[in-house]
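Colleague: Could you walk me through one part of this model in some detail? I am new to this, so please explain the terms as you go.

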Amino acid sequence: MFARFRRKRINPILREMLQETHLRVDDMIYPLFARRGTGIKKEIVSMPGVYQMSIDEIVKECVELKKLGLYSVILFGIPDIKDSIGSDALCEHGIIADTIRAVKNAHPDMFVVTDLCFCEYTDHGHCGVLDPVLHTVNNDITLDNLGLQAVIHARSGADMIAPSGMMDGMITAIRGALDAAGFDNLPIMSYSSKFASAYYGPFRDVAESAPSFGDRRSYQMNPANRREAIMESLEDEKEGADILMVKPALAYLDIIRDIKERSDLPLACYNVSGEYAMLKAAAKAGVIDYDRVMMETLLAFKRAGADIIITYHAKEAAEILNNRAKI
Ligand code: PBG
Ligand code: ZN
């Protein structure tokens, strides 16, 4: 009588059949970082396996991704020139617009998501236009610019827009701008509950987007706030977001579950740079079985309620899933 649970775990075939949550290659979006030049593939010290790449290298990388069954990427741009408003992001020939066109030209079958924000493009590193009085980002001027940036991504061929700046009203503004330009079929995946997290550290090295003064706490959320995170995501749903997101993922599994239970929209999570870097560092130190910890972590996001996982582990995880290795 004490075998009630264990008798279902003894036979490996039955055990497999009873697995409640599954990770699939199709669930993952792989981040790519584009910069100018040719033949450039520069590894990031804190993120082994993650590179800044020139556009030609990104096009080549997509060939490798497709071989693994990975058909969706999220693009970030590192412009040559940054200025106070992030003009490169508002230009038809900016780094991200050029990258989208190159990728879609060479790989029409790839699904290209674009991160919509200004922190990689501004000389001060904040996510929008600065307000001289507030000394932080001016919400409403930034909304106008986000609309312009979204239309540039759309015209360049993006398949989905992912605004990450945590401005109030950003989904209304971006949806309005896209619809007015005739892109009413383009989905928006909102970084709807995004926290002011120290886990973004390595990303800011790769995207060269650390703020030159202050921090992002006047627009990103306080990590202590659960109710506010739910309100933020529900607000974006009301404004017309097609997919919601929780970011970071690993330290915010409760928030993933909370939002999954309160919204019927699909939910993404962003397994961020610091989470990836921690596993890499622990593996290098010889203290964990990297593959198993990685797969357990990714599965936890699905169990918590995520439908989509944006992750730097996508290639490594796809390799394991494709080989159907049981680990
Ligand atoms: C841009 C943006 C950031 C990340 C994704 N989009 C950085 C930030 O908000 O500082 C972080 C991703 C990561 O850490 O992997 N706003
Ligand atoms: Zn930003």
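At what angle do helix α7 and helix α8 pack, and how far apart are their axes?

Modeller: Happy to help! This is a predicted model, in which local features need pLDDT of at least 70 and side-chain atom pairs count only at pLDDT 80 or more, while totals for chains, interfaces and linings use all residues. Residues are numbered from 1 along each chain as its sequence is written, chains are lettered from A and ligands numbered from 1 in the order in which they are written, and side-chain values use heavy atoms, with hydrogens and water left out.

Now to the pair itself. Helix α7 covers residues 226-239 and helix α8 covers residues 253-262; helices here are DSSP runs of H or I with at least four residues, numbered from the N terminus. The two pack at an angle of about 45°, and their axes are 10 Å apart. An axis is a line fitted to C-alpha atoms over the stretch in contact, and angles run from 0 to 180 degrees between N-to-C directions. α7 and α8 are therefore oblique to each other, a word for angles left over once those under 35 degrees (roughly parallel), over 145 (roughly antiparallel) and 65 to 115 (roughly perpendicular) are taken out.

Which residues touch? From α7 come R226, A229, I230, S233 and L234, and from α8 come I255, D258, I259 and R262, where contact means heavy atoms within 4.5 Å. By class, the contact of α7 with α8 has five nonpolar residues, one polar and three charged. Nonpolar covers Ala, Val, Leu, Ile, Met, Phe, Trp, Tyr, Cys and Pro, charged covers Asp, Glu, Lys and Arg, and polar covers the others, Gly among them.

For comparison, helix α10 (residues 290-304) and helix α11 (residues 314-322) pack at about 95°, with axes 11 Å apart. That makes α10 roughly perpendicular to α11. The contact of α10 with α11 has seven nonpolar, no polar and two charged residues.
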